[in-house]
Amino acid sequence: VSGTALGASPVDLALSVGVMTSVVAFHEFGHFFAAVAQGIKVSSFNVGIGPKLLSFNATEDGPEFNLRGFLAGGYVSFPPSAERDPKTGKVIKELDDPDLLENRPLPQRALVISGGVMANFILTFFCALTLVSSQGYTETKYLPGVEVSGLLSDTAPAATAGLKPGDVILAVDGTPLQDSFAPQKFSQSVREHPLQTVFLEVQRQDPSTGEKKLFPVRVRPELNPKGRGSIGVAMTRRVERSPRVFPTSPGQSAELAAKLTYGLTREIAGALGQAIQNPAMLFGGPGGGGGGVQGPVAILKEGAALAKEDRTALIAFAASLSVNLALVNSLPFPGLDGGQLLIATIESLLPEQARSRKIREGVTAVAFSLLSLLSLYALFADILAPKETMAGSSIARKQQVLQQQPPPQPQQQQQQQQPPPQ
């Protein structure tokens with residue numbers, strides 16, 4: 001995909017590609033290092049997938065290092081633990097080489113499988129350390145509710161129900177909106193109830209006295225062209241930031257970097273949890289936040305946009321990608337690191353005669369097929385609707401959580417903090 005097609009300059013696009021490739025390569029290096037450090041044989045270390053562009057061997061009998069054509073991926077391959085018939089693919093005999101990954105005890109295999117996730121968290125910490133040392137630290141607190149920042153028209157359901165800019169919606173249908181995903185939860189409730197009455201708990205501040213009053217509002221979402229409910233209101237998250245602190249010692253820098261890493265992990269884990277609870281978020285369906293899963297084209301575009309605005313923002317972008325990669329790979333789904341660890345653990349608990357290579361390989365093959373289909377969906381979704389992101393929570397917003405500061409242009413910040421109009 002060209003930089004022009006993505007609306008980005010070749011330099012900004014190249015920087016975005018470099019960040020994404022580096023994050024993936026660091027993940028794979030975690031697997032590689034954990035294996036080599038334990039004397040486990042490795043066949044190849046691959047940055048990217050697809051055809052080879054560059055290839056070399058550091059030693060004659062050592063692993064092969066490959067740079068491949070499609071950089072949005074990577075893997076480490078290990079020698080097989082069984083000899084197969086070249087025609088039928090059936091296992092002829094199991095190999096008893098103790099240096100093969102599958103022949104190692106569970107703790108050693110688990111370390112290799114978990115190496116990529118651990119490497120990503122290490123990378124995130126050092127990115128956070130760089131940001132803290134250069135930009136200081138300020139903690140972000142999400143306040144309850146969502147603020148009405150504007151009405152799309154005087155005839156929209158929100159306007160006719162009496163909502164005004166500055167109102168704070170604290171609850172919808174009796175469910176409090178209390179965390180950083182309050183806008184997504186509110187959006188979901190509205191979208192799922194077209195032409196049905198939705199009950200809101202609203203707080204309004206008197207501009208003359210400053211007194212805050214609570215009152216109920218009943219609103220009936222209209223049906224938009226996408227078949228979802230809409231009340232014609234724009235929202236912003238309610239946040240409060242503490243004064244900026246600059247570290248005065250290496251120990252304090254490390255402490256603040258750890259806090260930033262934890263905050264970003266909690267933010268992204270929350271988004272992932274929301275998607276698991278409501279799978280429609282993955283596909284931008286009626287129950288979702290309107291975006292859908294974010295693929296490589298959208299990620300590259302966001303990285304290029306950040307590079308255009310502020311090159312230093314790419315550090316936070318790398319940290320966000322790194323945490324995303326770590327958390328997604330931790331899921332106990334076959335084909336991901338978490339799934340491989342789960343299968344290895346289950347096999348270790350079974351008697352040897354109950355273990356089935358055929359079942360394991362079959363489950364993994366099906367899982368890889370499903371992941372490939374999801375990746376293709378994400379790619380086509382990026383091309384058709386590249387402006388939207390999963391659950392309305394873009395990587396750009398997550399990197400702001402890591403930076404813990406407003407960007408230099410407040411108007412752009414407000415646009416990024418606003419979910420799609422409801």
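**Rings, a histidine and a nonpolar patch**

Okay, so searching the whole structure turns up 7 aromatic pairs. Keep in mind as I go that this is a predicted model.

Let me start with Phe32 and Phe45. How are their planes arranged, stacked or edge-to-face? The ring centres are 5.5 Å apart and the planes sit at 70°, so this one is edge-to-face, since anything over 60 degrees goes in that class. What I like here is that the pair ties together distant parts of the chain. Phe32 belongs to helix H1, residues 10-37, and Phe45 to strand E1, residues 44-57, with the two positions 13 residues apart in numbering. And are they buried or exposed? Phe32 has a relative accessible area of 11%, so it's buried. Phe45 comes in at 10%, so that's buried as well; the cut-off for the word is under 20%.

Now put Phe56 and Phe65 next to that. Their centres are 5.3 Å apart, but the planes are at 15°, so we call that pair stacked; the limit there is under 30 degrees. And these pairs hang together: ring pairs join Phe29, Phe32, Phe33, Phe45, Phe56 and Phe65 into a cluster.

Staying in helix H1, have a look at His31. The relative accessible area is 8%, so His31 is buried. Which side chain does the His31 side chain make a polar contact with? That would be Asp337, at 3.2 Å. If you skip the neighbours within four places in sequence, His31 is in contact with Val76, Val112, Ile113, Gly115, Gly116 and, again, Asp337. So if you're clicking along on the structure, His31 is a handy place to centre the view.

Next, over to the surface. There's a nonpolar patch of about 380 Å², and the residues making it are Val366, Leu370, Leu373 and Leu376. Take Leu376 as one of them: you'll find it in helix H10, which covers residues 357-384. With a relative accessible area of 44%, Leu376 counts as partly exposed, because that class runs between 20% and 50%.

Last stop, Tyr142, which is in strand E5, residues 140-151. Its relative accessibility is 22%, so Tyr142 is partly exposed too. How far apart are Tyr142 and Ala182 in space? C-alpha to C-alpha it's 9.3 Å, with 40 residues of sequence separating them.

That's my tour, thanks. Happy to go back to any of those spots on the screen.

Note on methods. Residues are numbered from 1 along each chain as its sequence is written. This is a predicted model: local features need pLDDT of at least 70, side-chain atom pairs count only at pLDDT 80 or more; totals for chains, interfaces and linings use all residues. Side-chain values use heavy atoms; hydrogens and water are left out. Rings of Phe, Tyr and Trp (its six-membered ring) pair if their centres lie within 6.5 Å; planes under 30 degrees apart count as stacked, over 60 as edge-to-face and the rest as tilted. Helices (H or I, at least four residues) and strands (E, at least two) are DSSP runs, numbered from the N terminus. Buried means under 20% relative accessible area, exposed over 50%, partly exposed in between (1.4 Å probe, protein chains only). A polar contact is a pair of N or O atoms within 3.5 Å; within protein, one must be able to donate a hydrogen and the other to accept it, and residues adjacent in sequence count only if both atoms are side-chain atoms. Contact means heavy atoms within 4.5 Å. Patches are made of residues with over 30% relative accessible area and no salt bridge: like charges are joined within 9 Å, nonpolar side chains (Val, Leu, Ile, Met, Phe, Trp, Tyr) within 5 Å. Accessible areas come from the Shrake-Rupley method with a 1.4 Å probe; for residues, only the protein chains shown count as cover. A salt bridge is a side-chain nitrogen of Lys or Arg within 4 Å of a carboxyl oxygen of Asp or Glu.
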